Amino acid sequence: MAAIENSALMVYARSRRDLFRIYGTLGACIAALMALLSFPVALPIGESFWDTYIYIDGAHRMAIGQDIYRDFHAPVGPLNYVLFNALESLFPDGNVVFVIQWSLMLVTVPAIAVICWHALARGPAVAFALLLPYLLFSVLPFNDSSWNAFPGVDGFAYYNRHAALLIYLLVASLFFVRSQVALVVLVSGLLLALAFLKINGFMAAGMILAVALITRRIGARAAIVVAVLCLAVTGLIELRSGVVSAYVASVLRLIDSNSSELVIRILTTGTARFDIIFTSSLLAAYLLWSRRRGSPDLVRSFDRDAPRVPHPNRLDRDWVWAGTLIAANILFESQNFGGAAFISLWPLLVVLFLGRAPAERMRLSPLVVLIGLIAAPPVVGVVHSAAHAAASSIRDVRLDAEHLPAAMSFRTKALTLEAAEKSRPILAAGRETYQRYADAAILPAYWLYFDHQFQLNVLETMDEVIAAIHAREARLGLRYDVIDLRDFANPIPAIMGRIPAKGVSIGGDPFRTVLPLTEAEAEMLSRTDLVLIPTCPVTMARRKLLSDYAHAYEGFNRVQLTPCFDALEHPDHSS
């Protein structure tokens, strides 16, 4: 009897140790992130920072009471800006890249905590196998692939990385959470987050959940409860704000504008992510071949020690799930540009590994090799980018910007900063040359937006034009309350504490995400006090953005604020 009691105490003690290791790791990570958000950190600037400015712009608009999809259009869901506003209000000095990247953890930390609780039933190694990838892709603001040889944080594709993480947690929930109540809550919360974060992530999740319902990995009763909960929450949000119907209408307008490109984008995804699509397809083929040879199904072997209720049917096969996740991720990635491709395969890889007999798990086999080939590239890509940026930024110099907030502090190579400063007078003097590039519908350099020098010029010219606006207001005794920037994003009103113009599409890619201007939107735009026009350099996108909105600015007076910024001034303010 004493031996049984001692054994029970040992199990309980080990369980407490396991809980402390898992939740201690999670808690320590969160504490470290909070510390980093408590003071300004100058990060090494990276490629294509447009999405960073979208978050600043969109969150500021919502904070001052503008209605998303009515007063302005956004290429993604409103949850992005709500979470950013929430975390920024707690940590106003935190670097904007960190705040955006970590804002989703307000949603995902409770989810991973519940998933790890259930995964611990199989041992701490299994819980860590789910927790550590989650932390890696949640914490590091890097995509798993880069378009620039120089290191720096990735200031774009936040919402792609965030959606990929939510799908990761959804797949982990389907395989590791045994409580039906917990599963319903997790699936409902993750689905709602995906719906209001990025709609193509929601579509990919819908494909995964459809297969989960067909295979009975989630029961019909649970699926009905999930549907009722999601509809109830969206109904309440719609009744309170009307944002759901406006969001759906905006998405349908975007789909209508881009439907002809869907097949092309799927083909592009197939080539751009050929490495992981090829290896994961080999895995699905290997699993199917193994089943036809009579080998036990690894998903069923995984479930044997912890039976599910309801019990999955004969369609719940390892190769079916591998094929489903490949197809769902191809659909998801076809509408993305960067991110963390295919990380939602990771929970299935853990399942397949655990489905083998314990004695065979560490034995080299085609399955183990394929699991390694699929899991390694995203991890290696993100870790390499982070390590390279950290190591090479030791001698970086800080960008000295008088009018930009501490949250927008960045560092760069001294040579890059010098090149950016010397290039601006050349860009300003050569405006006609760059207009000819725009006339030819080409960029002066194919990777212009990924060039660190270009990104520095964007920041420094914004700093200069803010100073010029203040000087002009003081000289003429006026104030520009409503300010617009005819570029991809408009963070200047947020930085200056002014009002951004209504009726625009933020994240303004004029060839993909800018919706045709309605008369009501043109009327709202006509009340803009100052329309900023960047000219260093003139590009076809910037020029098309201006021409698409030009009829709203009839009667405006064009002035030059700086060598790199012109402006259209409302007639009421014309000097």
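**Sheets and a helix pair in a predicted model**

Two bridges link strand β1 to strand β4 (residues 410-412), and these two strands run parallel. One of the residues involved is P44, whose bridge partner in β4 is R411. This is a predicted model, so everything here is read from computed coordinates.

Zooming out a little, β1 and β4 belong to an open sheet of three strands, ordered β1-β4-β3, with mixed pairing. The edges of this sheet are β1 (43-44) and β3 (397-398), and each of them pairs on one side only.

There is also an open sheet of five strands. Reading across it, the order is β6-β5-β8-β10-β9, and here too the pairing is mixed. Its edge strands are β6 (499-500) and β9 (557-562), each with pairing on one side only. Following β9 inwards leads to strand β10 (residues 565-569): five bridges join the two, and they run antiparallel. For a spot to look at in the structure, try N557, which stands opposite E569 in β10.

Now for the helices. Two packed helices are described by the angle between their axes and the distance between the axes. For helix α13 (residues 274-292) and helix α15 (residues 318-333), the angle is about 160° and the axes are 8 Å apart. Angles over 145 degrees count as roughly antiparallel, so α13 is roughly antiparallel to α15. As for handedness, α13 passes α15 in a left-handed crossing.

Which residues of the two helices make the contact? On the α13 side they are I277, S280, S281, A284, L287, L288 and R291. From α15 come D318, W319, A322, G323, I326 and I330. Sorted by character, the residues of this contact split into eight nonpolar, three polar and two charged. Among the residues taking part are R291 of α13 and D318 of α15.

Helix α13 has something else to show. The structure holds 22 aromatic pairs, and one of them is formed by F274 and F278. Their rings are stacked, with 5.3 Å from centre to centre and 15° between the planes. Planes under 30 degrees apart count as stacked, so the 15° between these two puts the pair in that group. Where do F274 and F278 sit along the chain? Both lie in α13, four residues apart, which is about one turn of the helix.

Technical notes:
Residues numbered from 1 in each chain as written. Predicted model: local features only at pLDDT ≥ 70, side-chain atom pairs only at ≥ 80, totals over all residues. Heavy atoms only, no water. Axes fitted to C-alpha atoms, helices over the stretch in contact; angles between N-to-C directions. Parallel < 35°, antiparallel > 145°, perpendicular 65-115°, else oblique. Left-handed = near helix turned anticlockwise from the far one by under 90°. Contact = heavy atoms within 4.5 Å. Nonpolar A, V, L, I, M, F, W, Y, C, P; charged D, E, K, R; others polar. Pairing = 2+ DSSP bridges. Phe/Tyr/Trp six-rings, centres within 6.5 Å; stacked < 30°, edge-to-face > 60°.
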